[in-house]
Amino acid sequence: MVSVEEALRLISQNVSALSIETVALEKAVGRVLAAEILADRDSPPWRKSMMDGFAVRSSDINSGTKNLTIVETVMAGGAPKKVVESGQATRIMTGAPVPEGADAIVMIEHCQFEEGSDRVVIEAESVATGKHLMEAAANFARRERIFAAGRKVRAVDVGLLAEVGAVELSVFKQPTVAVLPTGDELVSPDETPRGPQIRNSNGPMLIAMLGEMDIAATDLGIGHDNREAMQSKLKQGLEHDLLLLSGGVSAGTLDLVPSLLKELGVKEVFHKVKVKPGKPIFFGVHDRKNGSRGYVFGLPGNPVSSLVGFRLFVTVALSILTGKSNAIETSPQLAKISCDHETRGDRPTWWPARRLPSPDSHMIVQPLVWNGSSDLLALGKAEGLIEFPAQGKIHKAGSEFPFWEL
Ligand SMILES: Nc1nc2c(c(=O)[nH]1)N[C@H]1C(S)=C(S)[C@@H](COP(=O)(O)OP(=O)(O)OC[C@H]3O[C@@H](n4cnc5c(N)ncnc54)[C@H](O)[C@@H]3O)O[C@H]1N2
Ligand code: MOO
């Protein structure tokens, strides 16, 4: 049995990023950049007007020269042809380049101006140099790094990527993932269980959690506890970059999975981690026919154990596979517990908890009433899991522990 730290180290030693492909910008959300993005031009590309109005020399206005000759009009998309000399102004639209000589924009609302006239009277008392204009490259300069490699593209990033013309992006390939819950007692959630049957809750949960990570999973249905049927499902699953199994990884007589995986060429990296819940988790690797490496997680059947295994270990493997440079999604934050809480046993425990309002910057979390690894109701109320250390004891209210958001 390995520790959580050792299991995470083994995952990062054994998993490497998938190869790279090019995607169009409109398909890039959720993908991880494989190369940095540089600005192809300054932003703004020229000294630009931020208002509709008149481009003036601030020294004119501030010395009382307010009745000005209009020398030209510049629209957004146009270019000024004339320098603004003393006593002159250029009519200008928002976004248009500011002509030479002018150093401020006066909003049209602060001017007396008749459409068609070549004169304008500025009503403003005074105008500050630089008012309502933006210097070229004030946001960023050409060749400046916009995004580093390893960043997951968000919807809000798309505008900036479009601005710098990044319409074809080099990204890490998305893993293909298959999900296979196993167990003769399982029926589909849309069936009415009879006798000792229970609904398969792990399959939909794992698929949904993959979806949250922008990974579309293949649902292999339910794997039944007989060698031939299971072998055939496992073979299908092993064609994917990652196979996620649930159930059948502990020591039961029908716990076929580890032995069948071995027969199918999967090498065990670890089996059993010192974690509660989720101890019997299995992780293995295999070489696929196409020459690439495949990965297998056998998550314990108990639903909360499956969820904890996914949250602690599978997310890390997926982060590495998809090339993510930071593991923000996977790392915990420190939080104080709101009441005394007792843990037992020799494994560190991930305990469902909800956040409480906090009077200061510390996060406060309340451990929930929880019946252990089969109790999904507590998970329904939880916003995360508190990581309590291994030794059984009463932890005092106000003590600080890592909190793993769900
Ligand atoms: N002798 C030992 N027995 C057990 C050990 C052990 O080390 N030695 N470990 C215990 C721990 S801890 C866990 S966790 C469970 C995990 O066992 P398996 O992964 O083999 O899971 P199953 O036996 O198949 O199922 C356990 C439990 O979960 C239910 N289940 C299974 N699949 C699903 C699903 N898709 N959706 C909802 N619920 C599911 C299943 O009906 C069982 O109730 O083993 C302990 N035993
Ligand atoms: O460790 Mo098992 O995951 O409690 O039920």
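What follows is a dialogue about two ligands and a sheet in a predicted model.

Modeller: In this predicted model, local features need pLDDT of at least 70, side-chain atom pairs count only at pLDDT 80 or more, and totals for chains, interfaces and linings use all residues. Residues are numbered from 1 along each chain as its sequence is written, chains are lettered from A and ligands numbered from 1 in the order in which they are written, and side-chain values use heavy atoms, with hydrogens and water left out.

Biologist: What makes a residue count as near ligand 1?

Modeller: One of its heavy atoms must lie within 4 Å of the molecule. Around ligand 1 there are 22 residues, and E185, N200, V249, S250 and G301 come nearest.

Biologist: Why is the pair between E185 and ligand 1 called a polar contact?

Modeller: A polar contact is a pair of N or O atoms within 3.5 Å (within protein, one must be able to donate a hydrogen and the other to accept it, and residues adjacent in sequence count only if both atoms are side-chain atoms). An N or O atom in the side chain of E185 is 2.6 Å from an oxygen atom of ligand 1, so the pair qualifies. S250 offers a polar side-chain atom 2.9 Å from an oxygen atom of the ligand. The protein buries 70% of the 870 Å² that ligand 1 exposes when taken alone (Shrake-Rupley method, 1.4 Å probe; for residues, only the protein chains shown count as cover).

Biologist: What makes 11 residues of the shell around ligand 1 polar?

Modeller: Their class does. Ala, Val, Leu, Ile, Met, Phe, Trp, Tyr, Cys and Pro count as nonpolar, Asp, Glu, Lys and Arg as charged, and the others, Gly among them, as polar. The shell of ligand 1 has 7 nonpolar, 11 polar and 4 charged residues.

Biologist: And what surrounds ligand 2?

Modeller: P277, G278, K279, N302, S305, R347 and S373. By class, that shell has 1 nonpolar, 4 polar and 2 charged residues. The side chain of S373 has an N or O atom 2.7 Å from an oxygen atom of ligand 2. For N302, a polar side-chain atom lies 3.3 Å from a ligand oxygen atom.

Biologist: How do you know that β5 and β6 pair?

Modeller: Two strands pair if DSSP finds at least two bridges between them. Strands are DSSP runs (E, at least two residues), numbered from the N terminus. β5 (residues 67-74) and β6 (residues 88-92) share 5 bridges, in the parallel sense, so they pair. E72 stands opposite T90 in β6.

Biologist: What is the order of the open sheet?

Modeller: β7-β4-β6-β5-β9-β8, with mixed pairing. β7 (104-107) and β8 (111-112) are the edge strands, each pairing on one side only.

Notes:
Helices (H or I, at least four residues) and strands (E, at least two) are DSSP runs, numbered from the N terminus.
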